[in-house]
Amino acid sequence: MNNYVNSYLESTARERIERLFDPGSFVEFLPPASRVISPHLGQLDAAVAFDDGVVVGRAFLDGETVFAAAQEGGFMGGAVGEVHGAKLVGLLRRAVTEKIGAVLLLLESGGVRLHEANAGLIAVSEVMRAVLDARAAGVAVVTLAGGSNGVFGGMGIVARCTNAIVMSEEGRLAMSGPEVIETASGVEEFDSRDRALVWRTTGGKHRYLLGDCQAIVSDSVAEFRQAAIAACRAQPTFLCLAELDQEQAMLGERIERFGAMSDPLEIWAALGVEQPAAIPMLDAAQFVAVARPRRLGGR
Amino acid sequence: MSAPSRVWDTLQSNRAGRLARARSVLGAALDGKAVPGARIKDLLHNVLECGDRVCLEGNNQKQADFLGKALAGLDPDRINNLHMLQSVLALPEHLDVFERGIASKLDFSFSGPQAARVAKLVASGQLNIGAIHTYLELFSRYFIDLPPRVCLVAAEAADRHGNLYTGPNTEDTPPIVEATAFKNGIVIVQVNRIMDVLPRVDIPGDWVDFVVCSPEPYYIEPLFTRDPALISEIQVLMAMMAIKGIYAEYGVERLNHGIGFDTAAIELLLPTYAESLGLRGKIARHWALNPHPALIPAIEAGFVESVHSFGSELGMEDYIRARPDVFAVGPDGSMRSNRAMCQAAGHYACDMFIGSTLQIDLQGNSSTATLGRIAGFGGAPNMGADARGRRHASPAWLKAGRQAREGRNTIPRGQKLVVQIVETFREHMQPAFVDRLDAWELAEQAGFEIPPVMIYGDDVTHILTEEGIANLLLCRSDEEREQAIRGVAGYTPVGMARDKRMVENLRDRGIIVRAEDLGVDKRLATRDLLAARNMKDLVRASGGLYSPPRRFRNW
Amino acid sequence: METLTYRFENGTRALPPQPRVVGVVGSGNLEVLIESMPQGGACTVEIKTAAAGFGATWQAVMLDFHERWQLMDASIAINDMGATPAVVSLRLDQAVETMLGALS
Amino acid sequence: MDWQTRANAMFPLGHSLTELDNFLSGSAQSGAQTIAVVGTTGHAPIGVEIALAQARFVLQTVREHPRRPILMLVDTAGQRLRHRDEMLGINSYMAHLGKCVELARRQGHKVIALVYDQALSGGFITSGLMADACYALPDATIRVMGLPAMARITKVSEQRLTELAASNPVFAPGPENYLRMGGLQDIWSGDLAARLQEALAAETTGDLRSRLGQERGGRMFAQRVIEAIMADRDVLAP
């Protein structure tokens, strides 16, 4: 009966921060009392939030000092505006100057905030550059994705620029939302109401099997914490040609092997999963036992 | 004096004429009772006559959608002025028949998804409403003054003789077919498949005239599936108050629940909160209820002993089959539902109905009608009404009756508990409490003789909101009743206009009860208390037997 | 958006210095930021709400809140997206309870 | 605006660009330098294949032509909106392209981009916006979403949006707005070959776009927020 407190999905951004890091250790940068709100939402008669939908600051994780950011999916779907994006950039740059070991990005976002679309788009690319700059400076950048809004749009790209991604099955990682695809290309292309298909296509288990995320945990803040501790210790953090060549090969292989398939179930079968239809009901530990030997890019 | 000789078999000869026309036009294409799907319009054009009363099976769950589409595609020059009889208008083609001039009159119960379009067609004069009924009332009229000349129904499967297997979703089929067949009407059935041997016979073949195998299985709506992830803390609080303040207070053992998240929260609190109060075996043992997935944890925890259902629910088939002690199942192991029987059971055999609504006025009348939408009622009014014909006693029924009659010189008698559970504001800050129901204006606009009230105030015994419970049984005057309602109406204009002193007096007398008066600890009112917090928890609770429709999954 | 402000004088209960924010600015929800600051003993409230026309409701909700807690030298700022009074009261109580809890 | 015309104007000394399925690549001569050119044509939707093809070209350039400048030519309708692309993880392909560009930069390749026709949302993030400096032609289209669609989503009337767009560059389409916000280094006009040579010769150190946006008055908060966090201040500079 006590799982709720522990559910990552049901926690707000602030609750995730409070529960994931060492108790009481979080110190927020530009906290809500600073009232650094979006300068653009007001003129469009939209509600603002005192933190512009992202909490950033310093904390201890298992005794180590880390930086952390958590996007609030409940506020405009976690979408990135000018201030929101700049908070992420500032955090990542400060991690470099203060030589912080790791930055944890608790992402939950639909991507660019349409009310301030140009600023959001530029900001997302600035976040990307800042993530890669941090990695080049030896800072491990780790993404946690387990919120109900998923990690979409530009933030889906940002996530894949980080060192490692930890997901829950309920978490989603993709580019365009199913509703956007349905609107643009028709319900035959992607039925956004078919949630089983949506999660098969974008959810944590599929991403783990494809090698897009490095760890999968159940929807528990405690499990995210353990996986985050492990991910922060992984080295090296910087990009090199060999690694990108390897990624190039893996992504090419993906198109070759699975490009003609139309449902993730076929991909899972092709990866050697004996009962693909049974995958969705497995809990995280059972799933990892089945998936780890068969997934792409496995480590 | 010689009286002109009267003909006594016009219905039979008319029926014979229709059958002969159909046989002649279909010729060799007619194989016993089986009509090829491609010839459905030929069949309908020939068995139907202008002005016929036609009952199209369609309720809030299963739909004879293939036949409905065919009907909507008929030639209005040949077939027009039909009088449609329908439990529920759910699909667009249910209204296309009016728009295209094939039908002109309608008697029905519920039109939720199409309510706005109904209102438009009424306004334009293309649709004349006979009356809006409750389910039981409409079924009853099929046998008295509205027997269908032709009915178009849906079944899971048929055999060569026209015997029907309706399976878990039997629902409305039996009364429709019986009313039609035994008044010399024509019974046409769409089936998903034709089998040599049926799993069981739900409708005997000699009541059935034509069977058509539809290219797609009939449409079915998972109407009673509520994702626990969407239950709010406020709903948890209200559910705690309901369990402690009403279920436990009256010892309610036999009951019916409405469809919303408020009652889903109660179902999910039985194995946790109610268990902690030691209520297992004492409350909520026997149900008239669709197989709500949210009931699974309470069934597994041993709270629920029996459930009889109006219809089935998509994805619950295997679970039901595996719990034959709880659900009504046939010799084949699958469920048998029956809307008419379950409505009667809900009315006469249950001690309590609890459900939500959209608007409540100062007399306690409640309505789901809103402007521009003619939505109807469904089953709630049959459940949510005192069964004045009831004669058997039970502790809950007697206690309610005692409270209503205390201090009055009347003969002892029980009363049904009818509870309306609402948050004082719905989403978008729509107040649930109003001085005047929208139903009045709707009635004026549509020319109804009476406003479409879902549950009459004099049947309502309790109103439960996040602010408290108003026990209307204990009110002794209209004024007390009004203040009791205002006293739980929160910050709505109705609530803020309360007489504070009188409300405090009602509270002292236990007519208004707050969470703290009940000893309900508000700090416990979190989603933690739900026995399942998401769909997957429900699947786990069912031991993997419940298989939710795809749109309810996030896996 | 509509802005509403209220001021309740003569509170008796002081808050710890650390500000507190609870809730989320999402549909049917709100965020509440409570800060301790000198206000001559008063508790001030500023509400920015997406649901216009509910001034009387807000006033009643905030008056009851003040009667429950009697905060002094407190500033309450709210960003609201159509939360019902039940949710508003819940969030306000949560915010104060966590702040006062932090005191003990 | 076909790419050949643009290419001929930009590379009067010659080029070997080839186009296959909207994927453009090759080398070109700009003044005394040989540069690598990669991009897309025909408002290409960026799907997994074309993202990967661009990445392959960038990696090949890094491997075979150390320090050779890279010019990205942008013409895209945004990311491809298909179930298949999402199933294969299109965000990983986009990110991979971005990382390859980053690698090139770190290995001493100057990377500039030119929006010669159209740059829409997702297709732009990992191409033009990953360059050291991004430029655009004056008649280029740059946007996330058009005003009519934005009006539907934000429920603010199109007329009101148009009025607001006159003073605030934050949501309305157009290269001028991106210039003011620092997203574009400059808008090219006149002699394209000369502009290209100037751009290749320009110094670039790090990502200065938020500062540019502030200097140009189009993005007044981003830089101040970044600075406040870096300096551990709870208030923004005025």
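This is a chat between a student and a tutor about a predicted model with several chains.

Student: Let's start with chains A and D, how many residues does each put into the contact?
Tutor: In this predicted model, the contact takes 73 residues from chain A, and chain D brings 67 residues to it.

Student: And which elements of chain A give two or more residues to the side touching chain D?
Tutor: They are helices α3 (82-97), α4 (117-136), α5 (153-159), α6 (178-185), α7 (195-202) and α10 (241-258) of chain A. The largest share of that side of chain A comes from α4(A), which gives 13 residues.

Student: How do the residues on that side of chain A divide into nonpolar, polar and charged?
Tutor: On the side of chain A that touches chain D, 40 residues are nonpolar, 19 are polar and 14 are charged.

Student: OK, what about chains B and C, how many residues are in contact there?
Tutor: Twelve residues of chain B are in contact with 13 residues of chain C, and the chain B side of that contact divides into five nonpolar, three polar and four charged residues.

Student: Switching to the inside of chain B, what is the strand order in its open sheet of eight strands?
Tutor: The order is β12-β11-β10-β13-β16-β19-β20-β21 in chain B, and the pairing is mixed.

Student: Why is one side of β12 and of β21 left without a neighbour?
Tutor: Strands β12 (306-308) and β21 (512-513) of chain B stand at the edges of the sheet and each has a single partner strand, so one side of each has no neighbour in the sheet.

Student: Does β21 run parallel or antiparallel to β20?
Tutor: Strand β20 (residues 468-471) of chain B and β21(B) run antiparallel, and two bridges join them. In one pairing, B:Ala470 has B:Ile512 in β21(B) as its bridge partner.

Student: Which strands does helix α12 touch?
Tutor: Helix α12 (residues 339-348) of chain B packs on the sheet and touches β10 (254-257), β11 (286-288) and β12 of chain B, with its direction making about 125 degrees with that of β11(B).

Student: Last topic, what are the domains of chain B?
Tutor: Chain B is divided into domain 1 (27-213) and domain 2 (228-537), and the C-alpha centres of these two domains of chain B lie 33 Å apart. Their contact takes 29 residues from domain 1 of chain B and 30 residues from domain 2 of chain B.

Student: Which element gives the largest share of the domain 1 side?
Tutor: On the side of domain 1 of chain B that touches domain 2 of chain B, the largest share is five residues, from α5(B). The residues of that side divide into 15 nonpolar, ten polar and four charged.

Key:
Residues are numbered from 1 along each chain as its sequence is written. Chains are lettered from A and ligands numbered from 1 in the order in which they are written. This is a predicted model: local features need pLDDT of at least 70, side-chain atom pairs count only at pLDDT 80 or more; totals for chains, interfaces and linings use all residues. Two residues are in contact if their C-beta atoms, placed from the backbone, lie within 7 Å. Ala, Val, Leu, Ile, Met, Phe, Trp, Tyr, Cys and Pro count as nonpolar, Asp, Glu, Lys and Arg as charged, and the others, Gly among them, as polar. Helices (H or I, at least four residues) and strands (E, at least two) are DSSP runs, numbered from the N terminus. Two strands pair if DSSP finds at least two bridges between them. Axes are lines fitted to C-alpha atoms, for helices over the stretch in contact, and angles run from 0 to 180 degrees between N-to-C directions. Domain bounds come from an automatic or database domain assignment.
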